[in-house]
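Colleague: I have some questions about this fold. Can we go through them one by one, with the reasoning spelled out?

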Amino acid sequence: MRQFTFPNGVTVGCYADIDVHLDAIATLRVGAVLESVAPYLSGEAALIVFSASAEEALGLPPDPLRRRMRDRTGGGEAMWFDTAPNRVSLSIEFPPMDDADEVESMMRRSASSWRSLHFESATFRSHSEGDEIEVTFTPDVGVEMRELARDCMRVIASVRGTMLSVDSPHGAMQSLLSHAWESFRGVPESSWLEAKAKLWGVDSAAGQFELALDVASFANSPAGGVIVVGFTTTRDEFDRDVITNVDGIRNIDAAVPRVEEIINRYITPHPRDLRVEVIERGDHRVLVVYIPPQPAEHLPHLVLGGTLATGKYFGGGFSWVERRGTSKRSVSLAEVQQLLRTNRAPGATPPN
């Protein structure tokens with residue numbers, strides 16, 4: 001056995017592979033770790049980073065299959081790193097899907113959900129101990145190991161099927177991409193979720209303005225949001241709009257470029273990493289607008305124009321809206337004026 005020391009001073013004993021627990025190198029940059037181990041790895045040797053199970057790391061309910069396998073696997077996960085070239089591989093045992101093409105499609109649709117990983121390939125293997133899917137990525141060498149590991153855990157939980165819960169914009173997006181539309185049934189609209197039975201009136205100025213207001217309200221909210229066009233809601237006894245029909249709609253594919261064009265024209269600055277896409281399930285489709293949380297330095301996102309007392313769209317000026325509960329709230333002129341006065345007060349730092 002030989003000794004290997006990481007850049008932070010952590011020393012581990014190793015043979016061919018270098019094994020280490022994530023906790024020991026969590027704050028190191030991925031690039032620094034891979035650069036340090038590269039001279040010590042030869043042939044098919046790899047850096048193997050162990051961690052808690054994906055479900056434990058993400059605060060999800062435990063996976064029953066993993067509980068039955070605990071004696072053999074230790075109940076945790078392993079990330080396998082190669083350094084020539086830099087790659088990280090994940091092995092998901094007993095996956096609910098047995099088609100590598102299906103996993104590859106899922107990874108490509110979900111690419112923006114794990115920013116520190118760039119998908120390369122998916123391989124299905126069947127052997128005497130059971131099936132497994134191996135997914136390989138190119139890692140972002142500039143992030144910390146713990147950030148990369150969290151994205152790896154999201155991949156594992158998504159493929160395993162334990163992350164499909166509609167309790168956040170990210171979870172909702174994963175459920176949609178995985179065709180788990182039934183998980184939305186009975187879910188009420190919220191500060192981050194809105195369902196629409198049909199598309200906005202994108203051929204009218206008022207409809208375009210309404211679309212932009214909806215998107216901007218989520219962009220100006222801490223959690224971001226998801227808008228699903230194709231699900232219908234019903235008002236329940238608690239006066240909530242609850243999703244009751246998840247069949248989707250047809251003939252909506254052509255709407256994507258139109259919706260993107262309206263968002264680009266009306267909203268400044270453009271929300272970062274926003275996605276507009278149609279997700280298919282058989283003959284039915286939903287159009288999804290996914291707005292992730294926005295950097296503080298990009299706020300607020302303003303919408304060109306406003307409405308007159310008659311409700312008619314007016315192209316001058318701008319509107320500033322935020323999501324409050326299940327509705328939009330316009331920031332008042334008094335609030336805007338107060339913010340301007342604060343930023344222009346003697347000694348205040350002017351806005352960039």
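Colleague: Which residue is the bridge partner of Val 226 in E15?

Modeller: Bear in mind that this is a predicted model. Strand E10 covers residues 225-229 and runs antiparallel to E15, residues 284-291. Within E15, the bridge partner of Val 226 is Tyr 290.

Colleague: Which residue in E15 is the bridge partner of Val 229?

Modeller: Strands E10 and E15 are joined by five bridges. For Val 229, the partner in E15 is Leu 287.

Colleague: What is the strand order of the open sheet of four strands?

Modeller: Pairing in this sheet is mixed. E10 and E15 run antiparallel, and E14 and E15 also pair in the antiparallel sense. The order is E9-E10-E15-E14.

Colleague: Which strands stand at the edges, and why is one side of each left without a neighbour?

Modeller: The open sheet has the order E9-E10-E15-E14. An edge strand here has a single partner strand, so one of its sides has no neighbour in the sheet. From one strand to the next, the twist averages 20°. The edge strands are E9 (193-196) and E14 (275-281).

Colleague: How many residues lie between E14 and E15 in their hairpin?

Modeller: The two strands pair over seven bridges, in the antiparallel sense. One bridge pair sets Glu 280 against Arg 285 in E15. Gly 282 sits in the turn, with a positive phi of about 65°. The number of residues between the strands is two.

Colleague: How many of the eight residues of E15 are buried?

Modeller: To count as buried, a residue must have under 20% relative accessible area. E15 is largely enclosed by the rest of the structure, because the buried count is seven of eight.

Colleague: Which helix lies across E9, E10 and E15?

Modeller: The helix spans residues 205-219. Its direction is at about 150° to E10. It is H9.

Colleague: Which backbone oxygen does the side chain of Ser 319 reach?

Modeller: Ser 319 lies in strand E17, residues 313-319. Leaving aside neighbours within four places in sequence, its contacts include Phe 209, Leu 213 and Gly 305. The side chain reaches a backbone oxygen at 2.7 Å, that of Gly 305.

Colleague: Is Ser 319 buried or exposed?

Modeller: The buried class ends at 20% relative accessible area. Ser 319 has 15%. Ser 319 is therefore buried.

Colleague: What are the burial classes of Arg 154 and Asp 151?

Modeller: Both residues lie in helix H7 (residues 145-160), three residues apart, about one turn of the helix. Their side chains meet in a salt bridge at 3.3 Å, N to O. Relative accessible area is 21% for Arg 154 and 5% for Asp 151. Arg 154 is partly exposed; Asp 151 is buried.

Colleague: Why are Arg 265 and Glu 261 separated by about one helical turn?

Modeller: Their side chains meet in a salt bridge at 2.8 Å, N to O. Arg 265 is partly exposed at 39%, and Glu 261 is partly exposed at 31%. The separation is about one turn because, in helix H10 (residues 255-266), they are four residues apart.

Colleague: Which residue meets Arg 329 in a salt bridge?

Modeller: Arg 329 is partly exposed, with 26% relative accessible area. Its partner is buried, at 18%. The side chains meet at 3.7 Å, N to O, and the partner is Glu 322.

Colleague: Which residues do salt bridges that share partners join into one network?

Modeller: The structure holds 21 salt bridges. One network joins Glu 194, Lys 196, Glu 210, Asp 214, Arg 323 and Lys 328.

Colleague: How far apart in space are Ala 52 and Glu 77, C-alpha to C-alpha?

Modeller: Ala 52 is in the loop between strand E4 (47-51) and helix H3 (54-58). Ala 52 is partly exposed, at 28%. Beyond four places in sequence, Ala 52 touches His 21, Gly 76, Glu 77 and Met 153. Ala 52 and Glu 77 are 25 residues apart in sequence, and their distance in space is 6.1 Å.

Colleague: What percentage of the 352 residues in the protein chain is buried?

Modeller: The chain has 11 helices and 19 strands. About 17400 Å² is exposed, with carbon and sulfur atoms supplying 51% of that. Buried residues make up 46%.

Key
Residues are numbered from 1 along each chain as its sequence is written. This is a predicted model: local features need pLDDT of at least 70, side-chain atom pairs count only at pLDDT 80 or more; totals for chains, interfaces and linings use all residues. Side-chain values use heavy atoms; hydrogens and water are left out. Two strands pair if DSSP finds at least two bridges between them. Axes are lines fitted to C-alpha atoms, for helices over the stretch in contact, and angles run from 0 to 180 degrees between N-to-C directions. Contact means heavy atoms within 4.5 Å. Buried means under 20% relative accessible area, exposed over 50%, partly exposed in between (1.4 Å probe, protein chains only). Accessible areas come from the Shrake-Rupley method with a 1.4 Å probe; for residues, only the protein chains shown count as cover. A polar contact is a pair of N or O atoms within 3.5 Å; within protein, one must be able to donate a hydrogen and the other to accept it, and residues adjacent in sequence count only if both atoms are side-chain atoms. A salt bridge is a side-chain nitrogen of Lys or Arg within 4 Å of a carboxyl oxygen of Asp or Glu.
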